[in-house]
Amino acid sequence: PESVHDVQLPGGAIRGRAFDGERGGAELGPGEREAPLDLAVVIAYRVGRPDVAAELLQRAIRINSTRADAWNNLGEAYRAMRMAHESIAAYRGAIERDPKLVPAYNNLGIVMALTSRHDEAIAACMLRLLRDPVLRTDLAARGLVRARAYTWSAGADTMVGVLEEAAAGSR
């Protein structure tokens, strides 16, 4: 069922639609005290105001600092505003509060890669792999398919081609 809400945001009211069970740009919290802020964050994202979303998420975190989803969403708002340092700190805050929150590892890896911190990006992605059993199972299955398709003669042919190309380039 659809419900319409007026949410007061800095700079004026925004009328937004919410559907029961819809999560939009943020996880809906279990507490009634947090739900209006969560809805406001979703609306702020949808109207392209990550600055407002960040402000509201900071308020939500002051109410309940244990909400890893709020920390992760704060990182997303900062990333949308190209605030890498703040984004990284927020994702790390999410991981600290819930080490099983897989999206936070993924998001942290993305920001690390975008800021040319490749070793840290790889570490964040590896941690995501360790924490996500579905992804781990999928990658293992793909690896087996590739391993079964591998032949030593094809590998040798590829290696000869690489060596010939390298030799031709050195002349």
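**Close-up 1. Ala70, a buried residue in helix α3.** In this predicted model, Ala70 is buried, with a relative accessible area of 1%. That value counts as buried because the cut-off is under 20% relative accessible area. You will find Ala70 in helix α3. Setting aside its neighbours within four places in sequence, Ala70 is in contact with Leu57 and Ile61. Look also for Ala94: the C-alpha atoms of Ala70 and Ala94 are separated by 7.6 Å, and these residues are 24 apart along the chain.

**Close-up 2. Leu74 and its contacts.** Which residues does Leu74 touch, not counting those up to four places away in sequence? They are Ala54, Leu57, Gln58, Ile61 and Ala90. Leu74 also belongs to the largest nonpolar core, which has 28 residues. Within that core, Leu57, Leu74 and Leu108 touch the most other members. The elements that give two or more residues to this core are α1 (35–46), α2 (50–63), α3 (68–80), α4 (84–97), α5 (102–114) and α6 (118–131). As background, nonpolar side chains tend to be buried together in soluble globular proteins.

**Close-up 3. The packing of α3 against α4.** Here the axes of α3 and α4 come within 8 Å and cross at roughly 165°. That angle makes α3 roughly antiparallel to α4, because angles over 145 degrees count as roughly antiparallel. The crossing of the α3 and α4 helices is left-handed. On the α3 side, the residues that meet α4 are Ala68, Trp71, Asn72, Leu74, Gly75, Glu76, Tyr78 and Arg79. Their partners in α4 are Glu86, Ser87, Ala90, Tyr91, Gly93, Ala94 and Arg97. Sorted by class, this contact of α3 with α4 has seven nonpolar, four polar and four charged residues.

**Close-up 4. Arg82, in the loop between α3 and α4.** Follow the chain into the loop between α3 and α4 and you reach Arg82. Arg82 is not a glycine, yet it has a positive phi of about 60°. Is Arg82 buried or exposed? At 76% relative accessibility, Arg82 counts as exposed, because the cut-off for exposed is over 50%.

**Close-up 5. The packing of α4 against α5.** The axes of α4 and α5 come within 9 Å, crossing at roughly 155°. That makes α4 roughly antiparallel to α5, and α4 passes α5 in a left-handed crossing. From α4, the residues in this contact are Ala84, Ser87, Ile88, Tyr91, Arg92, Ala94 and Ile95. From α5, they are Ala104, Tyr105, Asn107, Leu108, Val111 and Met112. How many nonpolar, polar and charged residues does the contact of α4 with α5 have? By class there are 10 nonpolar, two polar and one charged. Ser87 of α4 may look familiar from Close-up 3: it takes part in the contact with α3 and in the one with α5.

**Close-up 6. The packing of α5 against α6.** At what angle do α5 and α6 pack? The angle is about 165°, and their axes are 8 Å apart. The α5 and α6 helices are therefore roughly antiparallel to each other, and α5 passes α6 in a left-handed crossing. In α5, the contact is made by Val102, Tyr105, Asn106, Leu108, Gly109, Met112 and Ala113. In α6, it is made by His118, Glu120, Ala121, Ala124, Cys125, Leu127, Arg128 and Arg131. By class, the contact of α5 with α6 has nine nonpolar, three polar and three charged residues. Leu108 is worth a second look: it meets α4, contributes to the contact with α6, and is one of the core residues that touch the most other members.

**Close-up 7. Ser116, in the loop between α5 and α6.** Ser116 sits in the loop between α5 and α6. Its phi is positive, about 60°, although Ser116 is not a glycine. Relative accessibility here is 54%, and Ser116 counts as exposed.

**Close-up 8. Stepping back to the chain.** To place the earlier views, note that the chain has eight helices and two strands. Read along the sequence, they follow the pattern β-β-α-α-α-α-α-α-α-α. Of the 171 residues in the chain, 31% are buried. Among contacts with a separation of 6 or more, 39% are between residues 24 or more positions apart.

Definitions and conventions
Residues numbered from 1 in each chain as written. Predicted model: local features only at pLDDT ≥ 70, side-chain atom pairs only at ≥ 80, totals over all residues. Heavy atoms only, no water. Core = buried A, V, L, I, M, F, W, Y, C linked by side-chain atoms within 4.5 Å. Buried < 20%, exposed > 50% of the residue type's maximum accessible area, 1.4 Å probe, protein only. Helix = DSSP H or I, 4+ residues; strand = E, 2+ residues; numbered from the N terminus. Contact = heavy atoms within 4.5 Å. Axes fitted to C-alpha atoms, helices over the stretch in contact; angles between N-to-C directions. Parallel < 35°, antiparallel > 145°, perpendicular 65-115°, else oblique. Left-handed = near helix turned anticlockwise from the far one by under 90°. Nonpolar A, V, L, I, M, F, W, Y, C, P; charged D, E, K, R; others polar.
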